[in-house]
Structure formats: structure tokens, C-alpha cells
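User: I would like a close look at a single part of this structure, the central sheet, and at what packs around it. Please go through it step by step for a first-year student.

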Amino acid sequence: MRILGAEDDTVSRVILRKHIEREGHLCYVADCGESAWALFQANLIDVVISDWMMPGLSGPELCRRVRGAPDRGYTYFILLTSLDDRTHRKDGMLAGADDYLTKPLDREDLQLRLMAADRVIVSEDGLAVMSADERSLDPMSRT
């Protein structure tokens with residue numbers, strides 16, 4: 001998968017990238033929300049793992065932009081934060097996040113989230129293909 005990691009802390013960003021690449025994925029990294037948004041727009045991204053608190057553009061704000069991006073396939077979005085309470089988890093989900101990881105990052109937790117992300121992306125891709133096939137069979141869509 002093509003994964004974008006957005007983390008403003010240098011050490012955390014290096015650890016995140018190392019874990020993602022160890023799992024065999026292509027990893028893009030950004031040190032702030034605005035850089036992450038630019039990378040997202042310039043590349044096909046399957047998964048975004050974003051820190052909640054970043055200068056400029058927060059993780060939930062980045063998630064809202066990703067969800068509003070036109071003409072993109074489904075992007076699985078994971079918020080990564082030290083804010084481990086129900087209110088923040090709920091706020092993250094309301095912003096459009098699919099999942100939530102807490103700091104410090106646990107490699108096994110990351111592996112599990114990426115397995116779930118892969119399943120969702122494969123399902124979404126299959127639904128998109130089915131929908132396109134159905135449209136091509138619909139005589140009204142050929143006008």
C-alpha cells in the first residue's frame with residue numbers, strides 16, 4: 001500500500017516510517033498537515049496516518065480535506081495521538097477517521113490497523129469496479 005505519515009515530531013516520524021517500510025509498504029512522510037495535504041494531492045495514497053496535533057493543519061482538519069477530495073478512491077485514515085480519551089476518539093471519527101492509534105506507537109497495533117485498512121481498501125475498490133460495470137450496462141448512462 002501507499003501510506004502517508006504526517007507527524008511533526010522528528011523522532012516519531014522516523015519511527016513511523018521505519019515501521020511502515022518494515023511491513024513492505026511505500027511510505028511518504030510529512031512534517032506538518034499542510035505538507036501532508038500537498039503530498040496527498042500529488043500522489044495516489046491508500047492510507048493516511050496522521051498525528052492529531054500539528055502546526056497549521058491538525059489531523060482532524062487533514063482528514064476532512066481528504067474526505068472532501070473529489071475523484072479519489074477510498075483513503076483509509078488513521079489518527080495517531082497521545083490524546084487517549086473517548087471524546088477525542090469520537091471527535092476523530094466524526095471528522096471522518098477510520099481508526100485511531102495512541103502514542104507511543106506500538107508496531108503490532110500498527111500492523112493490525114494496516115491489515116484492516118487493506119481489507120477495507122480492497123472491498124471499496126471492488127465496489128467501485130462493480131458500480132462502474134453496472135453503469136456501463138445501463139442504457140440510460142450512454143446518452
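Analyst: What follows describes the sheet, then the helices on it, the cores, and the salt bridges.

The model is a predicted one, and everything below should be read with that in mind.

The sheet is open and has five strands, in the order β2-β1-β3-β4-β5, with parallel pairing. Its edges are β2, residues 26-30, and β5, residues 99-102, and each of these pairs on one side only. From one strand to the next, the twist averages 20 degrees.

Two of the pairings can be followed in detail. β1 and β3, where β3 covers residues 47-51, run parallel and are joined by four bridges. In this pairing L4 stands opposite V48 of β3. β3 is also joined to β4, by five bridges, and these two strands run parallel as well. Here S50 has L79 of β4 as its bridge partner.

How many of the residues of β4 are buried? Six of its six residues are, so the strand counts as mostly covered, buried being under 20% relative accessible area. In a regular strand, side chains alternate between the two faces of the sheet. β4 can be read in that light: Y76, I78 and L80 point one way, F77, L79 and T81 point the other way, and all are buried.

Next come the helices that lie on the sheet. α2 lies across β1, β2 and β3, and runs at about 140 degrees to β2. α3 also packs on the sheet, where it touches β1, β3 and β4. The direction of α3 makes about 175 degrees with that of β4.

Which residues of α2 are buried? They include G33, A36, W37 and F40. These residues cover an arc of only 100 degrees around the axis, and therefore sit on the same side of α2. The spacing of such residues has a simple background: an α-helix has 3.6 residues a turn, so residues three or four places apart point the same way. The buried residues of α2 pack against β1, β2, β3 and α3.

The strands and helices come together in the largest nonpolar core, which has 20 residues. L4, W37, F40, V48, L62 and F77 are those with the most contacts inside this core. At least two residues of the core come from each of β1 (2-6), α2 (33-42), α3 (59-68) and β4 (76-81). Apart from this core lies another one, of 15 residues, and I3, V47, L80 and I121 are among them.

L62 gives a view of the largest core from one residue. Leaving aside neighbours within four places in sequence, L62 is in contact with A6, G33, A36, W37, V48, S50, L57 and F77. Several names in that list have already come up: W37, V48 and F77 are, like L62, among the residues with the most contacts inside the core. G33, A36 and W37 are among the buried residues of α2.

Charged side chains also join parts of the chain. A search of the whole structure finds eight salt bridges. One of them involves a residue of the sheet: the side chains of D46 and R2 meet at 3.1 Å, N to O. D46 is in the loop between α2 and β3 and R2 is in strand β1, 44 residues apart, and the pair links distant parts of the chain. Are these two residues buried or exposed? D46 is buried, because its relative accessible area is 13%, while R2 counts as partly exposed at 32%. Salt bridges also link E7, D51 and K103 in a network.

Away from the sheet, E23 forms a salt bridge with R107, with the closest N and O atoms 3.2 Å apart. E23 lies in the loop between α1 and β2 and R107 in helix α5 (residues 107-137), so this pair ties together parts that are 84 residues apart in sequence. R107 also appears in another contact: H19, not counting residues up to four places away in sequence, touches L105, R107 and L110. H19 is found in helix α1, residues 10-22, and is buried, with a relative accessible area of 10%.

Definitions and conventions:
Residues numbered from 1 in each chain as written. Predicted model: local features only at pLDDT ≥ 70, side-chain atom pairs only at ≥ 80, totals over all residues. Heavy atoms only, no water. Core = buried A, V, L, I, M, F, W, Y, C linked by side-chain atoms within 4.5 Å. Buried < 20%, exposed > 50% of the residue type's maximum accessible area, 1.4 Å probe, protein only. Contact = heavy atoms within 4.5 Å. Pairing = 2+ DSSP bridges. Axes fitted to C-alpha atoms, helices over the stretch in contact; angles between N-to-C directions. Arc of directions from axis to C-beta. Salt bridge = Lys/Arg side-chain N within 4 Å of Asp/Glu carboxyl O.
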